[in-house]
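Here are my notes on the model, point by point. Please read them with the structure open.

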Amino acid sequence: MHETSTGTFILPRASKAIRRVTMGVKQHFTGSLIIGEGEGQVIEFESHTEMKTALVMLARQEVMDVENQIPFSWIDETGISRTHFFDFRLSMRDGTRAALIVKNSRKAAKQDFIAETRCLASQVTPDFANRVSLITENHLDPIEVHNAELIHSVRLPDPKPDAAVRKVIAQLDGAMTIKDLATATAPFGQGFFAVVRMIGKHELELVNRERIEPEVLVRRKFN
């Protein structure tokens, strides 16, 4: 729920997916995320790996948009017409699109799944996606997942600390710890979250590939 400057509340936009995820299934991980600016857009997922994949892709600078449950018509190996719902489709800054299949690694290793996926991917044309990628839990870097989850958790703007951090960033020459940058601009809690938001917006970047924590170094990012 998004609160406007006038104090009114706006619900997030409903999922645009044609195939809806059945929520609350026993022994099965399901849920939804709110993505985007303002009131945001609902996207749904039906596995923990799907959730983590969505967050990681949303945090990557090269990804401009994430769609989910995108239908694609194809012909299977027996000649039967079928519809596959890709878990996600990414729109990239370079103008290309990637269709993602998210699967448990055990299922992804099965020969019948591999054969079916190859047949499916061979029929995807550039008007739908430029490439098809398979994502399992083994493809997700724990550091990137941690940072993506943190960035998503503090994504909503906080005007005063955000403005204060941006003012320091504009003059930043070299590297600075997140803690020092945060405490120089706002009470530590608000300042830390503001710094994380600037990392999420790619106005700051980590000097090293590591979890976002108070003692790590960040620097101004030049896009």
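1. Start with histidine 146. Leaving out residues up to four places away in sequence, histidine 146 touches Arg211 and Ile212. Histidine 146 belongs to helix 4, which covers residues 142–153. Is histidine 146 buried or exposed? Its relative accessible area is 19%. The cut-off for buried is under 20%, so histidine 146 counts as buried. Keep in mind that this is a predicted model.

2. Next, the overall make-up. The protein has 7 helices and 11 strands. Of its 223 residues, 40% are buried. Take the contacts between residues at least 6 apart in sequence: 57% of them join residues at least 24 apart.

3. Alanine 59 gives one such link across the sequence. Alanine 59 lies in helix 1. Alanine 59 and alanine 148 are 89 residues apart in sequence, yet their C-alpha atoms are 5.6 Å apart in space. Which residues does alanine 59 touch, not counting those up to four places away in sequence? They are Ala148, Ile151 and His202.

4. Histidine 202, one of those contacts of alanine 59, deserves its own check. Its phi is near 65°, a positive value in a residue other than glycine. Histidine 202 sits in the loop between helix 7 (188–200) and strand 10 (204–206). Its relative accessible area is 14%, so histidine 202 counts as buried.

5. Glutamine 69 calls for the backbone check as well. Phi of glutamine 69 is near 55°, again positive in a residue other than glycine. Glutamine 69 is part of strand 5. Its relative accessibility is 2%, and therefore glutamine 69 is classed as buried.

6. Now the largest nonpolar core. In soluble globular proteins, nonpolar side chains tend to be buried together. This core holds 21 residues. Leu33, Phe88, Leu90 and Leu100 touch the most other members. Elements that give two or more residues to the core are strand 3 (31–35), strand 4 (41–45), helix 1, strand 5, strand 6, strand 7 and helix 4. Which element gives the largest share? Helix 1 does, with 5 residues. Apart from this core lies another, of 20 residues, including Leu150, Ala194, Leu206 and Val218.

7. Phenylalanine 88 is worth inspecting in detail. Neighbours within four places in sequence are left aside here. Phenylalanine 88 is then in contact with Ile43, Glu50, Thr53, Ala54, Val66, Glu67, Asn68, Ala98, Ala99, Leu100 and Val102. Leu100 also appears beside Phe88 among the core residues that touch the most other members.

8. On aromatic rings, the count comes to 4 pairs. One of them joins phenylalanine 86 and phenylalanine 128. The ring centres are 5.6 Å apart, the planes are at 40°, and the pair is tilted. This pair links distant parts of the chain, 42 residues apart. Phenylalanine 86 is in strand 6, and phenylalanine 128 is in the loop between helix 3 and strand 8 (131–135). Phenylalanine 86 has 0% relative accessibility, so it counts as buried. Phenylalanine 128 is buried too, because its relative accessible area is 9%. Ring pairs link Phe72, Phe86 and Phe128 into a cluster.

9. Then the second largest pocket. Its volume is about 620 Å³. The lining has 25 residues, and Glu50, Val102, Lys103, Asn104 and Lys107 are the closest to the pocket centre. Elements that give two or more residues to the lining are helix 1 (48–59), strand 5 (63–75), strand 6 (81–92), strand 7 (97–102) and helix 3 (111–122). How does the lining divide by residue class? There are 6 nonpolar, 9 polar and 10 charged residues. Glu50 and Val102 were met above as contacts of phenylalanine 88.

10. Last, alanine 170. Alanine 170 lies in helix 5, residues 159–171. Alanine 170 and arginine 220 are 50 residues apart in sequence and 7.9 Å apart in space, C-alpha to C-alpha. Is alanine 170 buried or partly exposed? Its relative accessible area is 41%, so alanine 170 is partly exposed.

Technical notes: Residues numbered from 1 in each chain as written. Predicted model: local features only at pLDDT ≥ 70, side-chain atom pairs only at ≥ 80, totals over all residues. Heavy atoms only, no water. 1 Å grid on protein atoms, 1.4 Å probe; cavity = no way out; pocket = protein on both sides within 12 Å on 5 of 7 lines; lining within 4 Å. Points joined across faces, edges and corners; volume = space filled by probe spheres on them. Helix = DSSP H or I, 4+ residues; strand = E, 2+ residues; numbered from the N terminus. Nonpolar A, V, L, I, M, F, W, Y, C, P; charged D, E, K, R; others polar. Buried < 20%, exposed > 50% of the residue type's maximum accessible area, 1.4 Å probe, protein only. Contact = heavy atoms within 4.5 Å. Core = buried A, V, L, I, M, F, W, Y, C linked by side-chain atoms within 4.5 Å. Phe/Tyr/Trp six-rings, centres within 6.5 Å; stacked < 30°, edge-to-face > 60°.
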